[in-house]
Amino acid sequence: MENINYMIDGVLGVAVLILFIMQFSNKKESYTPGASFTTGEEISGVLPIAYVNMDSLLMNYNYYKDLNEVLMSKEENYRAVIGQRSNILRNEAADFQRKIDNNAFLTRERAEQEHERLMKKQEELQNLETQYSNELMNEQQKLISQLRDSLVVQMNLYNKTKGYQVIFSNSMGDNIIIADQVYDITQEVVDHLNRNYSPSK
């Protein structure tokens with residue numbers, strides 16, 4: 001019984017090998033990037049795929065630079081406001097401590113009122129920091145969404161004349177460990193994106 005199974009496996013193996021040889025010996029066409037590709041064609045040159053190095057793309061994409069500048073500007077403004085209010089509170093706290101040390105308050109109640117006022121200001125400042133942090137996070141998510149939409153639209157437009165079947169995104173070498181340079185279309189895509197980007201938009 002085992003001999004029959006071995007024979008069947010052997011016949012099937014030979015059949016697959018013959019089909020493989022027939023499939024790839026009859027077609028000698030090669031593929032160049034950007035050419036149309038039909039499933040089943042032999043690929044003796046370059047596959048109809050490409051990848052984009054996202055780190056390099058974002059570093060050179062003018063739209064991303066502008067979005068990042070908007071975000072950084074808001075963050076700097078928020079930090080300036082928080083810094084200013086923190087300094088005022090720090091000075092008031094130091095003044096309060098000096099008055100405590102010098103018994104400058106007329107009554108204990110007055111000192112407690114001042115202490116409560118400072119604690120309330122500190123709580124308000126912490127709430128403001130949280131609010132600003134949440135606003136920045138929401139703004140960042142919004143800008144990321146805008147960037148993604150822009151990339152999808154522009155990549156579809158770019159690929160209309162290129163005919164790639166798949167375009168990979170590679171970030172810090174995480175998605176593609178090794179690939180021939182012929183598949184790297186990063187600079188070409190960056191040029192396309194910047195050509196089609198107008199800051200007025």
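In this predicted model, K74 forms a salt bridge with E139, and the closest N and O atoms of the two side chains are 3.5 Å apart. Because K74 lies in helix α3 (residues 62–101) and E139 in helix α4, the pair ties together parts that are 65 residues apart in sequence. The two partners differ in their surroundings, since K74 is partly exposed, with a relative accessible area of 32%, whereas E139 is buried, with a relative accessible area of 12%.

This pair belongs to a set of eleven salt bridges in the structure. Another of them joins K121 to E92, with the closest N and O atoms 3.1 Å apart; here K121 lies in helix α4 and E92 in helix α3, so this bridge ties together parts that are 29 residues apart in sequence. K121 counts as partly exposed at 27% relative accessibility, and E92 also counts as partly exposed, at 22%.

A salt bridge can also be followed within helix α4, where E114 and R110 lie four residues apart, about one turn of the helix, and where their closest N and O atoms are 3.8 Å apart. E114 is buried, with a relative accessible area of 12%, while R110 counts as partly exposed at 37% relative accessibility. Through shared partners, salt bridges join E92, R110, E114, R117 and K121 into one network.

Further along, L157 is found in helix α4, which spans residues 108–159, and L157 counts as partly exposed because its relative accessibility is 38%. Leaving aside neighbours within four places in sequence, L157 is in contact with H192 and N196; the C-alpha atoms of L157 and H192 are separated by 9.4 Å, although these residues are 35 apart along the chain.

Key:
Residues are numbered from 1 along each chain as its sequence is written. This is a predicted model: local features need pLDDT of at least 70, side-chain atom pairs count only at pLDDT 80 or more; totals for chains, interfaces and linings use all residues. Side-chain values use heavy atoms; hydrogens and water are left out. Helices (H or I, at least four residues) and strands (E, at least two) are DSSP runs, numbered from the N terminus. Buried means under 20% relative accessible area, exposed over 50%, partly exposed in between (1.4 Å probe, protein chains only). Contact means heavy atoms within 4.5 Å. A salt bridge is a side-chain nitrogen of Lys or Arg within 4 Å of a carboxyl oxygen of Asp or Glu.
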